[in-house]
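Trainee: Before we begin, could you show me how to read side-chain contacts and enclosed spaces?
Mentor: Gladly; let us put the molecule in front of us and take one feature at a time.

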Amino acid sequence: MQIETLKIFCDVVAWANFSRGAQANSVSQSTASQAVQQLEGRLGVKLIDRSKRPFVLTPAGKTFYEGCKEIVGRYAELETRVRAFDRQEMVVGTVRVCSIYSAGLNHIKQFVGRFREMYPAVTVELEYLHPKRVVESVADGEADLGLISFPRRWADLNVLPWREEEMVLVVPPSHRFACRSSVSVRELEGETLIGFDHDLSIRRAIDRFLREHDLDLEVAHEFDNIENIKRAVETELGVAVLPRPTLAAELRAGTLAAVAFSDASLVRPLAIIHRRSEALGSSAAKFLDLLRSESDSAPKPVASLEAAMTASTAAAPAEKS
């Protein structure tokens, strides 16, 4: 039994006329009549009482018509949804994305939600990894796209500069700088620093930044991620230099204060990576397009790959925050 036959029956009944029902389906009146007869033969009951003018449905016909309307309606809805895939260039499949933790929470998560709305037939798998594992996952083909900070050049990966984030001084609300909108770098003289581990690119960038201003601050504690550093500053163990976008929740809650540098600029560059040797699938390519075409108002776009790599040496690993 074909859906076209059910639709002819429904239209004939809806119009209470074989000729009008046939026209609605672009078939002849004879074809419409035969379609109804085939249904009656298959079911073994009369659906339409043709002895009356206009014809009327039999009790069995009424039951069958109500069920057919639902079936035909649901099929029409399903057909519309499937045809929509063609308008979306048949974007189906799975996109595997891995990201360093802080960038994933602050940026990628919102794009995943937006992408799922745009392409409901695509599954997005998002994983937060150590930056070294982000690079390895993309290079090994375990992930289609990766988001890292302080990128460098890799022979087997394409590196696409994405955006850069202002780095600011972070202090507890009780600190003498908490009520200031900006400070000069030299005013940090004598402060105790909560820093990143020595082997992270972001630590080297901060150390170089301070050395350029003839500062050698005492580092009281070292951590491998931004969340632990924020907690240490909240408990007044020292001050830190962190990307402003990663402080949104604490600034709203008033548990931390962010102070800009008035006489210098330091940024955390973010980049998207994917394998150089393989073309991205349609779903991954669409996700990349979304990442590169949409941005929030806080981060500033990175102008070039060279700008994104200013704070990284050629052999430096990506940072772990």
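Mentor: What follows goes through aromatic pairs, salt bridges and a cavity, and please keep in mind that this is a predicted model.

Trainee: How many aromatic pairs does a search of the whole structure find?
Mentor: The search finds eight aromatic pairs. To read one of them, look at the distance between ring centres and at the angle between planes, where an angle over 60 degrees counts as edge-to-face. In the pair of Tyr101 and Tyr128 the ring centres are 5.5 Å apart and the planes stand at 70°, so this pair is edge-to-face.

Trainee: Which parts of the chain does the pair of Tyr101 and Tyr128 link?
Mentor: The two residues are 27 apart in sequence and belong to distant parts of the chain, with Tyr101 in helix 5 (residues 101–118) and Tyr128 in strand 4 (residues 122–128). As for surroundings, Tyr101 is partly exposed at a relative accessible area of 42%, and Tyr128 is also partly exposed, at 29%.

Trainee: Which residues form one aromatic cluster with Phe9?
Mentor: Phe9 forms one aromatic cluster with Phe64 and Tyr65. A ring may also have a charge over it, and here the charged end of Arg163 sits over the ring of Trp162, at 3.9 Å from the ring centre.

Trainee: Then let us turn to charged side chains, and to how I should read a salt bridge.
Mentor: The general idea is that side chains of opposite charge can pair when their charged atoms come close. A search of the whole structure finds 20 salt bridges, among them the one between Lys46 and Glu40, with 3.9 Å from N to O.

Trainee: In that bridge, is Glu40 buried or exposed?
Mentor: Glu40 counts as buried, because its relative accessibility is 7% and buried means under 20%. Its partner Lys46, by contrast, is exposed, with a relative accessible area of 54%.

Trainee: Where do the partners Arg244 and Glu166 lie?
Mentor: Arg244 lies in the loop between strand 10 (240–243) and helix 9 (248–253), whereas Glu166 lies in strand 6 (residues 157–171), so their pairing ties together parts that are 78 residues apart in sequence. Their side chains meet in a salt bridge of 2.9 Å, N to O, and Arg244 is partly exposed at 30% relative accessibility, as is Glu166 at 35%.

Trainee: How many residues apart are Arg231 and Glu227 in helix 8?
Mentor: They are four residues apart, about one turn of the helix, and both lie in helix 8 (residues 226–234). The closest N and O atoms of this salt bridge are 3.2 Å apart; Arg231 is partly exposed with a relative accessible area of 32%, and Glu227 is partly exposed with 26%. Through shared partners, salt bridges join Glu227 and Arg231 with Lys230, Glu234 and Glu250 into one network.

Trainee: Finally, what lines the largest cavity?
Mentor: The search of the whole structure finds one cavity of 30 Å³ or more, and the largest cavity holds about 40 Å³ of space. Its lining includes Leu193, Phe196, Arg203, Ile206 and Val241, and strand 8 (192–196), helix 7 (201–211) and strand 10 each supply at least two of the lining residues. Strand 8 gives the largest share, four residues, and by class the lining has seven nonpolar, one polar and one charged residues.

Conventions
Residues are numbered from 1 along each chain as its sequence is written. This is a predicted model: local features need pLDDT of at least 70, side-chain atom pairs count only at pLDDT 80 or more; totals for chains, interfaces and linings use all residues. Side-chain values use heavy atoms; hydrogens and water are left out. Rings of Phe, Tyr and Trp (its six-membered ring) pair if their centres lie within 6.5 Å; planes under 30 degrees apart count as stacked, over 60 as edge-to-face and the rest as tilted. Buried means under 20% relative accessible area, exposed over 50%, partly exposed in between (1.4 Å probe, protein chains only). A charge sits over a ring if NZ of Lys or CZ of Arg is within 6 Å of the ring centre and within 35 degrees of the ring normal. A salt bridge is a side-chain nitrogen of Lys or Arg within 4 Å of a carboxyl oxygen of Asp or Glu. On a 1 Å grid over the protein atoms alone, a cavity is a set of points where a 1.4 Å probe fits but cannot get out, and a pocket is an open set with protein on both sides within 12 Å along at least five of seven lines; lining residues have an atom within 4 Å of a point. Grid points are joined across faces, edges and corners, and a volume is the space filled by probe spheres set on the points. Ala, Val, Leu, Ile, Met, Phe, Trp, Tyr, Cys and Pro count as nonpolar, Asp, Glu, Lys and Arg as charged, and the others, Gly among them, as polar.
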